[in-house]
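Student: I have the sequence and the structure open side by side. Could you take me through one strand and its surroundings in detail?

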Amino acid sequence: MLLLGILLVIVIVVFLFMMFHPVFGKKPSKHDRSTYEAFTHYQKGVFTNQIETVMTTDLRSMLPVLKEFLKGNPNRQPKKAIPINALQLNKKISEETRVTWFGHSALLIEMDGKRILIDPMFGSAPSPIPWFGNKRYSKKLPFKIESLPKVDLVVLSHDHYDHLDYGTIKQLKQKVKQFAVPLGVAGHLKRWGVEPERIKECNWWDEIQTAGFSLICTPARHFSGRSLTDRNTTLWSSWVIRGKSDKIYFSGDSGYGPHFKEIGDQYGPFELSLMECGQYHEKWAAIHMMPEETVQAHIDVRGKVMIPIHWGAFTLSLHDWTDPVERAVNAATKMNVKICTPQIGETVTLGSEFLSSSKWWRKNTNI
């Protein structure tokens, strides 16, 4: 009886934590859900992908994955903190287009004299309880959030913890003029204190003008959710960012699919593509591309230069931590694709004759 009582208390505490802690955000309202019903990719109360997307999660299929996990892989994360470049941000922004990668999918774009943050996950771990998550490889960021100057626009791809971080938004929100998010994600931001008038919520193929940019919310092949009861209740997306002279494509999280060519045909070519290449496994390849598919997706969207992202910060799969970039670089070489591999905190200038191609990650491995 005592044991049952303890278990009951634990269940109640966990339930109350998930119900009331703001880290889990807010589900779309009944009114919001009623507006989504007009969309072909919203069925039976959830969003769907353009093509069938099956993740094999049954016990029989996942047993080999469990065995792989239990076997262990000492190379899943670096043996020491990976190097970073300290970022110096001036109040005056260059008119040139510059991109700085912060690890995983977090990026800063400086374009047309304005600043854009993409998926700014600046927390220590991608988890609702950071103490229990896989810690950031670099141990620290190339900057302090409180030292960041004003940000014109924050663009979010979806609401998973490795892309949308409660603590980061709480620290950033007063610095940001405008947010652009897929359908349903606005509810999280509103619960965290962002005023509705500062949020632009978009469906796939919506084109909006905000913060001096033209943004197109484009499809991705993925899923969403922050708790056990809200899977796929919000939308996931990729984004096209158009400035005065440059266009950038950001893939968000995505399995490979025909949407890449569709986006390339409609909005390409792009001066730069920011393409996910990590946290993959053959069992969930439908929602996270293999690195070779990443390079093909870059070709499909008609990108000129590719920066591989969604690696280099956290361990969310079973592969070696350097496998994503090594495989992406090898595939790019074979496919004659121009690839740029900046160190975390290193700024890349579009159009420059010199684009970082160093193998900096090898200093932390035996490769």
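Tutor: Happy to. Keep in mind that this is a predicted model. Let's settle on strand β10, residues 213-218. Six of its six residues are buried, so the strand is largely enclosed by the rest of the structure. To me, buried here stands for under 20% relative accessible area. If you look at the two faces of β10 in turn, both are covered. One side carries Phe213, Leu215 and Cys217, the other carries Ser214, Ile216 and Thr218, and all of these are buried.

Now for the partners of the strand. Strand β9, residues 207-210, pairs with β10 in the antiparallel sense, over four bridges. To find your place in that pairing, look for Glu207, which stands opposite Ile216 of β10. Ile216, you may recall, belongs to the face that also holds Ser214 and Thr218. The hairpin of β9 and β10 has two residues between the strands, and Ala211 there takes a positive phi near 55°.

β10 is also joined to strand β11, residues 238-242. These two strands run antiparallel as well, with five bridges between them. A handy landmark on this pairing is Thr218, which stands opposite Ser238 in β11. So if you trace β10 on your screen, Ile216 leads you across to Glu207 in β9, and Thr218 leads you across to Ser238 in β11, while both faces of the strand stay covered.

Terms used
Residues are numbered from 1 along each chain as its sequence is written. This is a predicted model: local features need pLDDT of at least 70, side-chain atom pairs count only at pLDDT 80 or more; totals for chains, interfaces and linings use all residues. Side-chain values use heavy atoms; hydrogens and water are left out. Buried means under 20% relative accessible area, exposed over 50%, partly exposed in between (1.4 Å probe, protein chains only). Two strands pair if DSSP finds at least two bridges between them.
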